[in-house]
Amino acid sequence: MNLDEVLYNSHTSWMDPSGPDSDVVLSARVRLARNLEDVVFPSRMEEEGAQRVLRMVERAAEDLDRDPELGPVGLFRLDDLSNLDRQVLVEKHLISPHHAQQPRGRAVILRQDESLCIMVNEEDHLRIQSLTPGMQLDGAWRTAQAADDVLEGRLNYAFCQRRGYLTTCPTNVGTGMRGSVMMHLPGLAMVGQARQVFSALGKLGLAVRGLYGEGSEAHGNIFQVSNQTSLGPSEEEILRNLKAVSTQVIAHERNARRALLSQTRLQLEDRVWRAYGILLNARVMSSEEAIKLWSDVRLGVDLGIITEGVPVEALNELLVATRPGYIQKVVGRDLEPAQRDAERAALIRHRLRR
Amino acid sequence: MVCQECGKRPATVHLTQIINGQKRELHLCEQCARARGELGIMGEPFTIPTLLSSIITDGGHTFPGAGQAAGLRCDRCGLTYAEFARTGMLGCRHCYQAFENQLDSVLRRLHGTIVHGGKVPSRTGEEARVKRELNRLQEELAQVVIREEYEKAAQIRDRIRELEKKLQ
Ligand SMILES: [Zn+2]
Ligand SMILES: [Zn+2]
């Protein structure tokens, strides 16, 4: 497979707008942490150990590559990639920032459509991730589980009957599983209920992660809800809990949107159309401003305020396309922040007008 | 407000996270936030290492046996318990045995339980799977005996014998 095609393409499989509940849920992800039995964990691994893991995983990846359901895949050693290429992989949510920052002895296994992505020698020897558009945790689990089975056919995992899959961090032991749902929650944020909902989630053993800007408003109103515990219940039980709670959050968000629409329709329309106008016309745009406006426009599309000319897919792509690494990749050189802001504005105008 | 990390530049990135009902806030400048990888929306919650360390050491106060445990060392990878308490990271699979008593208490706090109930790898986990199936069958057997379904009970008993042979 061709890595450059992945890097130049701002589209990724989770941006498909046809996924279930895609008015609120951007993507669902399942991640499995696995370690090899006879090599120390990456936290204490020397260069030699890392290379051994890479060699073993490389052979196992050939089985993935040949698998009719999962393949073809490619394995890429991170120190063969440029800084910028690694940054784009981070912006596409395929690898973690931590993985990109220390590339030596590390690799990533990728399927062309990016729905399967395996980090090698990150915090654990293997981090198998599957990403789906919309609320499809079960689908993500099936893919991750199938990849896990294929790899396990070749590799001896560090597993113990009592504690399950043994991981570097005890927060992941047991199933090694983290399920997460990325949601766009502008309604809850606007009616001032976001914090209330999140603190309830915390009590149910789920973690919420969001990026807050000034005035405690979330960055793009995008939040990730994930399970906190991995030991005890089965994978299916963990996902069932996560799904049940996410369904509640989705319902709350839709209620908030309906309330806003019925009570403050004019203000809401004004906000949406202004955001759209700025995105279509601005000449300089920071990534922070872009994601803020993005949130308003996306809400406008989901509520039927903007009814034509803005495909959700193109909007979703902007989440990656407005990131600094991606912009520099497309322009083909390093840019100063001010230059990036100009390129970003141009790119958004181009994408939304096409 | 100045950045909590470097203490110099103004804090422009404000992060809030809620874990188990507890809210934690972090105020960072853009450079420090970027260095910590906080500007993305993927990855682990940022508080895991610090949060975990405070669970392991219980703020350095009341955790039972924390004093003696500090000297423990995994003889396979050389990690000491004190290092683990600081970083929250284990070094190899044997650490789970070397620190078993202390870890039990950590795992109970983190997960509310200490026994795995999920997937078992099909090749290396054969024994674990057989044991779990045996447990399940024994429970089922008790149920059918109560219901006086003796024919079914006999079938289950045969299956249990078969599995027990596999384990020998
Ligand atoms: Zn700072
Ligand atoms: Zn060890």
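This report covers a predicted model, from a zinc site to cores, single residues and backbone geometry.

## Zinc site in chain B

The zinc ion (ligand 2) is held by four cysteine sulfurs: B:Cys74 (SG), B:Cys77 (SG), B:Cys92 (SG) and B:Cys95 (SG). These protein donors lie 2.3 to 2.4 Å from the ion. The site is tetrahedral, with angles of 99 to 123 degrees among its 4 donor atoms. Along the chain, the donors follow the spacing C-x2-C-x14-C-x2-C.

One pair of these donors links distant parts of the chain. B:Cys77 sits in the loop between helix 3 (66–69) and helix 4 (81–87) of chain B. B:Cys95 belongs to helix 5 (residues 95–98) of chain B, and the two are 18 residues apart. Both B:Cys77 and B:Cys95 are buried.

## Chain B overall

Chain B has 8 helices and 2 strands. Its order along the sequence is β-β-α-α-α-α-α-α-α-α. The chain counts 168 residues, of which 42% are buried. Take the contacts between chain B residues at least 6 apart in sequence: 34% of them join residues at least 24 apart. The exposed area of chain B is about 9300 Å², and carbon and sulfur atoms supply 50% of it.

B:Ile146 is found in helix 7 (residues 126–146) of chain B. Its relative accessibility is 63%, so B:Ile146 counts as exposed. From B:His94, B:Ile146 is 52 residues away in sequence and 43 Å away in space, C-alpha to C-alpha.

## Nonpolar cores

The largest nonpolar core has 57 residues. Those with the most contacts inside it are A:Val30, A:Leu64, A:Ile128, A:Leu151 and A:Met183. Setting aside residues up to four places away in sequence, A:Leu151 touches A:Ala60, A:Ala61, A:Leu64, A:Ile118, A:Leu126, A:Ile128 and A:Tyr157. Another core, of 54 residues, lies apart from the largest one. Among its members are A:Leu94, A:Met119, A:Leu303 and A:Leu352.

## Helices 11 and 12 of chain A

Helix 11 (residues 312–321) of chain A is largely enclosed by the rest of the structure, because 9 of its 10 residues are buried. The buried residues include the polar pair A:Asn316 and A:Glu317. A:Val312, A:Leu315, A:Leu318 and A:Val320 are also among them.

A:Gln328 lies in helix 12 (residues 324–331) of chain A. With 7% relative accessibility, A:Gln328 is buried. A polar atom of its side chain lies 2.9 Å from the backbone nitrogen of A:Leu335. Beyond its neighbours within four places in sequence, A:Gln328 contacts A:Leu84, A:Arg333, A:Asp334, A:Leu335 and A:Arg340.

## Backbone exceptions in chain A

Most residues other than glycine have a negative phi, and most peptide bonds are trans. Three places in chain A deserve a look against that background.

A cis peptide bond joins A:Gly71 and A:Pro72, with omega about -5 degrees. A:Pro72 lies in the loop between helix 2 (47–66) and strand 2 (73–77) of chain A.

A:Glu114 has a positive phi, near 70 degrees, and is not a glycine. The residue is in the loop between strand 3 (107–111) and strand 4 (116–120) of chain A. A:Glu114 is buried, with a relative accessible area of 3%. A:Asn221, also not a glycine, has a positive phi of about 55 degrees. A:Asn221 is found within strand 10 (residues 218–227) of chain A. A:Asn221 is buried, with a relative accessible area of 3%.

Note on methods
Residues numbered from 1 in each chain as written. Chains lettered and ligands numbered in written order. Predicted model: local features only at pLDDT ≥ 70, side-chain atom pairs only at ≥ 80, totals over all residues. Heavy atoms only, no water. Donors = N, O, S within 2.8 Å, 3.2 Å for Na, K, Ca; no water. Tetrahedral: all angles 85-135°; square planar, octahedral: opposite > 155°, others 65-115°. Helix = DSSP H or I, 4+ residues; strand = E, 2+ residues; numbered from the N terminus. Buried < 20%, exposed > 50% of the residue type's maximum accessible area, 1.4 Å probe, protein only. Core = buried A, V, L, I, M, F, W, Y, C linked by side-chain atoms within 4.5 Å. Contact = heavy atoms within 4.5 Å. Polar contact = N/O pair within 3.5 Å; in protein donor to acceptor, adjacent residues only side chain to side chain. Areas by Shrake-Rupley, 256 points an atom, 1.4 Å probe, with all protein chains shown as cover.
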